[in-house]
Amino acid sequence: MRGQSMRTDAVVGKNIQIARKKQKLTQDQVAARLQVQGCDMSRGVYAKIEVGIRHIALDELKAIKEVLKVPSYDDLFRGE
């Protein structure tokens with residue numbers, strides 16, 4: 001089961017990275033916008049999510065989806 005979780009983290013992280021680049025934002029900018037929304041996340045933590053080495057909490061996923069203007073959660077799990 002752990003292997004599946006790691007694979008999911010990598011897929012979601014890559015999709016988050018793609019969405020960020022489409023918005024032409026840096027990791028620092030995303031982290032700052034997340035903090036404004038009340039999601040206390042540093043750039044370093046955000047970077048770990050993008051490369052799939054840190055699990056993402058549901059509230060963090062929701063905030064990232066909003067900041068990056070991702071239309072659907074399906075878009076974040078695509079390729080899973």
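Visitor: Is Lys69 buried or exposed?
Guide: In this predicted model, the place to look for Lys69 is the loop between α4 and α5. Over 50% relative accessible area is the cut-off for exposed. Lys69 has 60% relative accessibility, so it counts as exposed.

Visitor: What is the phi of Lys69?
Guide: Good one to check on the backbone. Lys69 comes just after α4. Although Lys69 is not a glycine, its phi is positive, at about 55°.

Visitor: Where else does a residue that is not a glycine have a positive phi?
Guide: Have a look at the loop between α1 and α2. A residue there is exposed, because its relative accessibility is 75%. Its phi is about 60°, and the residue is Lys24.

Visitor: Back to the loop between α4 and α5: is Leu68 buried or exposed?
Guide: Leu68 belongs to that loop. The cut-off for buried is under 20% relative accessible area. Leu68 has 1%, so this residue is buried.

Visitor: Which residues is Leu68 in contact with, leaving aside its neighbours within four places in sequence?
Guide: Contact here asks for heavy atoms within 4.5 Å. With the neighbours within four places in sequence set aside, the partners of Leu68 are Ile16, Ala19, Arg20, Gln23, Leu25, Val30 and Tyr46.

Visitor: How many Å apart in space are Leu68 and Val11?
Guide: Along the sequence, 57 residues separate Leu68 and Val11. In space, taken C-alpha to C-alpha, the two are 16 Å apart.

Visitor: How many residues does the largest nonpolar core have?
Guide: Leu68 is one of the residues with the most contacts inside this core, and the others named with it are Ile16, Val30, Leu34, Met41, Tyr46 and Ile64. The whole set has 17 residues.

Visitor: Which helix gives the largest share of this core?
Guide: At least two core residues come from each of α1 (2-22), α2 (27-36), α3 (43-50) and α4. The largest share is four residues, and the helix supplying it is α4.

Visitor: Which residues of α4 are buried?
Guide: Helix α4 covers residues 58-67. Its buried residues are Glu60, Leu61, Ala63, Ile64, Lys65 and Val67.

Visitor: Why does Glu60 count as buried?
Guide: Glu60 sits in helix α4. Buried means under 20% relative accessible area. Glu60 counts as buried because its relative accessibility is 10%.

Visitor: What is Glu60 in contact with, leaving aside its neighbours within four places in sequence?
Guide: For a sense of spacing, the C-alpha atoms of Glu60 and Gly38 are separated by 9.8 Å, with the two positions 22 residues apart along the chain. Beyond four places in sequence, Glu60 makes contact with Cys39, Met41, Ile49, Arg54 and His55.

Visitor: Where is Met41, and is this residue buried or exposed?
Guide: Met41 is found in the loop between α2 and α3. Its relative accessible area is 1%, so Met41 is buried.

Visitor: Which residues does Met41 contact, leaving aside its neighbours within four places in sequence?
Guide: Glu60 has Met41 among its contacts, and Met41 in turn has Glu60. The full set for Met41 is Ala31, Leu34, Gln35, Tyr46, Ile49, Glu60 and Ile64.

Visitor: Which residues does Leu34 touch, not counting residues up to four places away in sequence?
Guide: Leu34 is among the core residues with the most contacts. Not counting residues up to four places away in sequence, Leu34 touches Cys39, Met41, Tyr46, Ala63, Ile64 and Val67.

Visitor: Now the whole chain: how many helices and strands does the secondary structure come to?
Guide: Going along the sequence, the pattern reads α-α-α-α-α. The count is five helices and zero strands.

Visitor: What is the radius of gyration of the protein chain?
Guide: For 80 residues, the globule rule gives 12 Å. The chain comes close to that value, so it is as compact as a globular protein of that length, with a radius of gyration of 12 Å.

Visitor: How far apart are the centres of the positive and negative side chains?
Guide: The positive set has 15 side chains and the negative set has 10. The centres of these two sets lie 6 Å apart.

How values were computed: Residues are numbered from 1 along each chain as its sequence is written. This is a predicted model: local features need pLDDT of at least 70, side-chain atom pairs count only at pLDDT 80 or more; totals for chains, interfaces and linings use all residues. Side-chain values use heavy atoms; hydrogens and water are left out. The radius of gyration is taken over C-alpha atoms; the globule rule is 2.2 Å times the number of residues to the power 0.38. Lys and Arg count as positive and Asp and Glu as negative; His and the chain ends are not counted. The place of a charge is taken as NZ of Lys, CZ of Arg, CG of Asp or CD of Glu. Buried means under 20% relative accessible area, exposed over 50%, partly exposed in between (1.4 Å probe, protein chains only). A nonpolar core is a set of buried Ala, Val, Leu, Ile, Met, Phe, Trp, Tyr and Cys residues joined through side-chain atoms within 4.5 Å.
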